[in-house]
Amino acid sequence: MKILLLGGSNAGIKDGWAVQFAELARDHEVENRFLGAVGSLYGLMALLKRARDGAEAPDLIVFEYCLNDILLLDADVLKPALVEDALDAVMDFCADAGIGLFFLCLEPRPTDRQRSATTRVQKIYRKAAQRRSVPALWLSDIFDERLTAAHFQDENHLTTAAAGCVADALLGALGAGVPAPFGQAETARFSYVDVAEARFQGPCAVRALSSRVFDGDFVEISRGGVTTWPGEGLLAGLMLRSSDDSGAFSIRGANAAFRKTPRSQMQELVRNLMLLHYPTRRILARGEVEIAMPEDERALMSLPEDRGLLLAPSIAPFEAQTLDIHGVIFWRKRTLVERLRELFRSVEQQATPLPLKGHRHSRRAEGAIGNPEQT
């Protein structure tokens, strides 16, 4: 099989589950397209971008963004409805393309701090999997519900041994293959708009940027530059690249204008960082959203700030600051009537949930508890 791995930082670290899975699955072609600190919405965008770029479709997608959705929900960066709709859209994509889908559901180190968010997001994934007959694998499946802090090297990352158990159990669960999701949502909830569809005014320049985690065209906006992105609904995400030159910018929707910065505390580890930013304010698009680099510093700083996860202040002089943006995602939330209609339809069409293939307990689980290994 051609297997595509879409996951967070656990899929990208040295000797993580994805690396060990690829070693075990040598009879298959495995492609790892991870990106940390983003959730299921980025996974959806990655699939839409692959299709737009004409990439060859895989036979199977392993989708590992449950942990990141938990962290983002706990930080109040996203809402449960966004996770629900993003998962539905991912399942729709796979159903349309006839691609098998498998949810690999990791979670943070067991503590009381994130228990509410963990429970909430895990419930969303379980309901989605059951509703559309998507098989899923949970850490409690692998460790027989004996998951402890000793399985983690830090708050969010598994030890090398525990990651090996995940890789082993995943390979066994996939068996000979996984079918495409069952059913279909009524309407598309998301639109992904990239540089090719945007309009530019002032000092803006399109350039291709490439990294280990993301490739694509970005528009570099300098002070005085304005870009316009066509769409309807709520602004759900902005795909940005942040560097030492990145600075504060404005977002103007139909309802209000805000300022935001692309810089992140994670740039202490990755200097040039590509990341999907989730707006925390309600930014409404009625035909378009404007993203600009105003020249008037006082006017820009007077706008209310759209906060985010791990944001850091700009370090370049104001007049020299730039913004690199690849695209945006708009989200049209379901109405109550639409939610009820889809619920009734899914009940009528529900197929018998697919059982997990292979073993429930990893043969390496006994050796998974040990000293954390830093990567």
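Two strands are taken to pair if DSSP finds at least two bridges between them. With that in hand, the predicted model can be read strand by strand, and strand E10 makes a welcoming place to begin. E10 spans residues 226-242, and 14 of its 17 residues are buried, so the strand is largely enclosed by the rest of the structure. Several partners flank E10. With strand E13, E10 pairs in the antiparallel sense over 5 bridges, and within this pairing Leu-240 has Leu-275 of E13 as its bridge partner. Strand E14, residues 284-292, is joined to E10 by 9 bridges, again antiparallel; here Glu-232 stands opposite Arg-286. Strand E15, residues 322-331, pairs with E10 through 7 bridges in the antiparallel sense, with Leu-234 facing Trp-331 across the pairing. Strand E7, residues 199-201, runs antiparallel to E10 and is joined to it by 3 bridges, and Gln-201 is found opposite Val-226.

Another part of the model is built on parallel pairing. Five strands form an open sheet in the order E2-E1-E3-E4-E5, with parallel pairing. Strands E2 (29-32) and E5 (136-138) stand at the edges with a single partner strand each, so one side of each is left without a neighbour in the sheet. From one strand to the next, the twist averages 20°. A useful general reminder for anyone inspecting the side chains is that in a regular strand they alternate between the two faces of the sheet.

At the E5 edge, strand E4 (residues 100-105) is joined to E5 by 3 bridges, and the two run parallel. Leu-104 has Leu-137 of E5 as its bridge partner. Ala-136 also belongs to strand E5, and its C-alpha atom is separated by 5.8 Å from that of Leu-104, although the two residues are 32 apart along the chain. With a relative accessible area of 12%, Ala-136 falls under the 20% cut-off and is therefore buried. Helix H1 (residues 17-24) lies across strands E1 (2-7), E2, E3 (60-64) and E4, and runs at about 170° to E1.

Charged side chains add a further set of links. Side chains of opposite charge can pair when their charged atoms come close, and a search of the whole structure finds 23 salt bridges. One of them joins Glu-31 to Lys-2, with the closest N and O atoms 3.9 Å apart. This pair connects distant parts of the chain, with Glu-31 in strand E2 and Lys-2 in strand E1, 29 residues apart. Which of these residues is buried, and which is partly exposed? Lys-2 is buried because its relative accessible area of 13% is under 20%, whereas Glu-31, at 25%, counts as partly exposed.

A second salt bridge forms between Asp-194 and Arg-52, where the closest N and O atoms are 3.4 Å apart. Asp-194 lies in strand E6 (residues 190-194) and Arg-52 in helix H2 (residues 40-53), so the pair ties together parts that are 142 residues apart in sequence. Asp-194 is buried, with a relative accessible area of 13%, while Arg-52 counts as partly exposed at 40%.

A third salt bridge links two helices. Asp-88 and Arg-132 have their closest N and O atoms 3.2 Å apart; Asp-88 sits in helix H4 (residues 80-97) and Arg-132 in helix H5 (residues 115-132), 44 residues apart. Both Asp-88 and Arg-132 are buried. Elsewhere, salt bridges with shared partners join Lys-2, Glu-29, Glu-31 and Arg-50 into one network, which brings the Glu-31 and Lys-2 pair back into the picture.

Attention turns last to empty space. Rolling a probe the size of a water molecule over the atoms shows where such space is left. The largest pocket has a volume of about 1100 Å³. It is lined by 38 residues, of which Ser-9, Gly-36, His-157, Met-266 and Leu-269 are the closest to its centre. Which elements give two or more residues to this lining? They are helix H3 (66-74) and strand E13 (273-277). Helix H3 gives the most, with 5 residues. Strand E13 is also a partner of E10, through the 5 antiparallel bridges described at the outset.

Notes. Residues are numbered from 1 along each chain as its sequence is written. This is a predicted model: local features need pLDDT of at least 70, side-chain atom pairs count only at pLDDT 80 or more; totals for chains, interfaces and linings use all residues. Side-chain values use heavy atoms; hydrogens and water are left out. Helices (H or I, at least four residues) and strands (E, at least two) are DSSP runs, numbered from the N terminus. Axes are lines fitted to C-alpha atoms, for helices over the stretch in contact, and angles run from 0 to 180 degrees between N-to-C directions. Contact means heavy atoms within 4.5 Å. A salt bridge is a side-chain nitrogen of Lys or Arg within 4 Å of a carboxyl oxygen of Asp or Glu. Buried means under 20% relative accessible area, exposed over 50%, partly exposed in between (1.4 Å probe, protein chains only). On a 1 Å grid over the protein atoms alone, a cavity is a set of points where a 1.4 Å probe fits but cannot get out, and a pocket is an open set with protein on both sides within 12 Å along at least five of seven lines; lining residues have an atom within 4 Å of a point. Grid points are joined across faces, edges and corners, and a volume is the space filled by probe spheres set on the points.
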